[in-house]
Every structure is written in structure tokens, then in C-alpha cells.
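Colleague: Could you take a close look at one part of this model for me, the aromatic pairs, and tell me how they sit among the helices? I would enjoy a connected walk through it.

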Amino acid sequence: MAFYDLEEQESLAQIKAWWDKWGTLVLSIATAVCLAIAGFRLWQWWEMKQAADAGGLYAMMIQASNGKDNARVQNIAQRLYSDYGSTVYAGMGALLAAYSAENTNQPQEAIKNLEWVYNGDKFPELQAVSAVRLAGIYLDQNNYDKALSVLNGVLNPDTQEALVDDRKGDVYMAMGDTQKAREAWESALRAATITNPIVNLIRIKLEALPPA
């Protein structure tokens, strides 16, 4: 029995020596892990709160847009940009704010909102859509070079190639270059899926062109 007591004492002595050498490090690592987990959970909570608050503002924006209250729409958009610019609602809000401005004959206000998406790096999936709409405004202003510049500046045109090429065709047609318009629309038709509603519109445009 005494033999086992001695063995236990030696084991305890070894554990104590190991703890004296490594205990502080172990506690430091454990503390760091706990803080990291707590920080991650706090970040998740903050992200959810940001998204919820931004979603509430976006709902208010929709209501203001439906009520034709463009001033309120633009004010809410600015709050989304400044306070919730990293949330998806800010990108969606920019497109809605541009739509509201266009409907109230304020193209420069629409351009400002669309450029916030187009020139930023937070919403790459919305860049092509914002470019097409920007180019549409410049097209209405007969600013064809600017329209083409915006469309050619899309970083990932493959994601919305049909939309981008279709708008290029519109610009070339307005410039009187029917050949380039045809090429752009044919490219758009190749890029579009069969179920894309833009397909029929592109075909109508192509059929309206004079023979090549």
C-alpha cells in the first residue's frame, strides 16, 4: 500500500512541476480561446442587429417610395449608406433610391445613388445592374461615350452579360451604328438563358434592324 502512495506522490510531484512550467501558458491559451469565442458571438449579434436595423429602414424606404415621397427615400438612403453601408440593404436601398429619383425627374440624384454601388466594392453582384441603369440615364442624356464607358467598366460582366450587352446595343443603335448594335444584341442573345424574359425583347430589336 505504501508503494502505491509513494507512486502517487511522485505523480503529483511531476504534475506540479509540469504545471509550474506550463500552467501560465495553458491558462493564457484557454483565456484567449474563450475571449475569441465571446468576441465571435458578440460580432454575430452585432451583425444580426445591424441587419435587422437596416431591414427596418429599407421597409420604411419601400413605404416612402410607394407614397412617392422621394425626399424621404433619399434621406433614408443616406442613413443606410452612413450607418449600415456593409449590409445588403444598403445596396438594395441605393437601387431603390435611384428608381425613386428617376421617377421624380431627378437624374443626377439617381446617378449619385447608382454610382455609390457601381464604384464601391461591397456589392459586386449589383455592379452590372447599376451599370446598366447608369448607362440608361446617360443614354437618355445623349451622353453615349459615358454610357459605353460605364458598361465597359463592369468588372464581372459574365454575371449579367446579357443585360450589359443588351444595353450596349441600345447605345450603339442610338449612335446610328446598326452593325455594332446587331453584334451587341447577338452577343446578349447568346449569353441569355432560354427562360430569361429579356430574350424576346432582344429578338424584337434584332428583327427591327435593316438587313445586314
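**Aromatic pairs among the helices**

Modeller: Happy to! In this chain of 212 residues, buried residues make up 36%. Please keep in mind that this is a predicted model. The chain has nine helices and zero strands, so the pattern along the sequence is simply α-α-α-α-α-α-α-α-α, with α numbering the helices from the N terminus. Of the contacts with a separation of 6 or more, 53% are between residues 24 or more positions apart.Now to the rings themselves. A pair of aromatic rings is described by the distance of the centres and the angle of the planes. The count here comes to three aromatic pairs. In one of them, Y58 and Y89, the ring centres are 5.9 Å apart and the planes stand at 45 degrees, so this pair is tilted. Y58 belongs to helix α1 (residues 2-66) and Y89 to helix α3, which makes this a link between distant parts of the chain, 31 residues apart. The two partners are not equally covered: Y58 is buried, with a relative accessible area of 15%, while Y89, at 27% relative accessibility, counts as partly exposed.

Another pair is formed by Y81 and W116. Their ring centres are 4.2 Å apart and their planes are at 20 degrees, so the pair is stacked; the cut-off for that label is under 30 degrees. Y81 lies in helix α2 (residues 70-84) and W116 in helix α4 (residues 107-118), so the pair ties together parts that are 35 residues apart in sequence. Here, too, burial differs between the partners: Y81 is buried at 13% relative accessibility, whereas W116 is partly exposed at 27%. This pair also has company, as Y81, W116 and F123 form one aromatic cluster.

Since Y89 brought us to helix α3, let me follow that helix to one of its neighbours. Helix α3 (residues 88-103) packs against helix α5 (residues 124-140) at an angle of about 15 degrees, and their axes are 11 Å apart. The two helices are therefore roughly parallel to each other. Their crossing is left-handed. On the α3 side, G91, M92, L95, A98, Y99 and E102 take part, and they meet L126, V129, S130, R133 and I137 of α5. Sorted by class, this contact has seven nonpolar, two polar and two charged residues.

Finally, a look at two loops beside these helices. K68 is found in the loop between α1 and α2. The phi of K68 is near 60 degrees, a positive value in a residue other than glycine, and K68 counts as exposed at 67% relative accessibility. N142 sits in the loop between α5 and α6 (144-152). Phi of N142 is likewise near 60 degrees, again positive in a residue other than glycine. At 53% relative accessibility, N142 counts as exposed.

To put the part you asked about back together: the tilted pair of Y58 and Y89 links α1 with α3, and the stacked pair of Y81 and W116 ties α2 to α4.

Technical notes:
Residues are numbered from 1 along each chain as its sequence is written. This is a predicted model: local features need pLDDT of at least 70, side-chain atom pairs count only at pLDDT 80 or more; totals for chains, interfaces and linings use all residues. Side-chain values use heavy atoms; hydrogens and water are left out. Axes are lines fitted to C-alpha atoms, for helices over the stretch in contact, and angles run from 0 to 180 degrees between N-to-C directions. Helices (H or I, at least four residues) and strands (E, at least two) are DSSP runs, numbered from the N terminus. Angles under 35 degrees count as roughly parallel, over 145 as roughly antiparallel, 65 to 115 as roughly perpendicular and the rest as oblique. A crossing is left-handed if the near helix is turned anticlockwise from the far one by less than a right angle, and right-handed if clockwise. Contact means heavy atoms within 4.5 Å. Ala, Val, Leu, Ile, Met, Phe, Trp, Tyr, Cys and Pro count as nonpolar, Asp, Glu, Lys and Arg as charged, and the others, Gly among them, as polar. Rings of Phe, Tyr and Trp (its six-membered ring) pair if their centres lie within 6.5 Å; planes under 30 degrees apart count as stacked, over 60 as edge-to-face and the rest as tilted. Buried means under 20% relative accessible area, exposed over 50%, partly exposed in between (1.4 Å probe, protein chains only).
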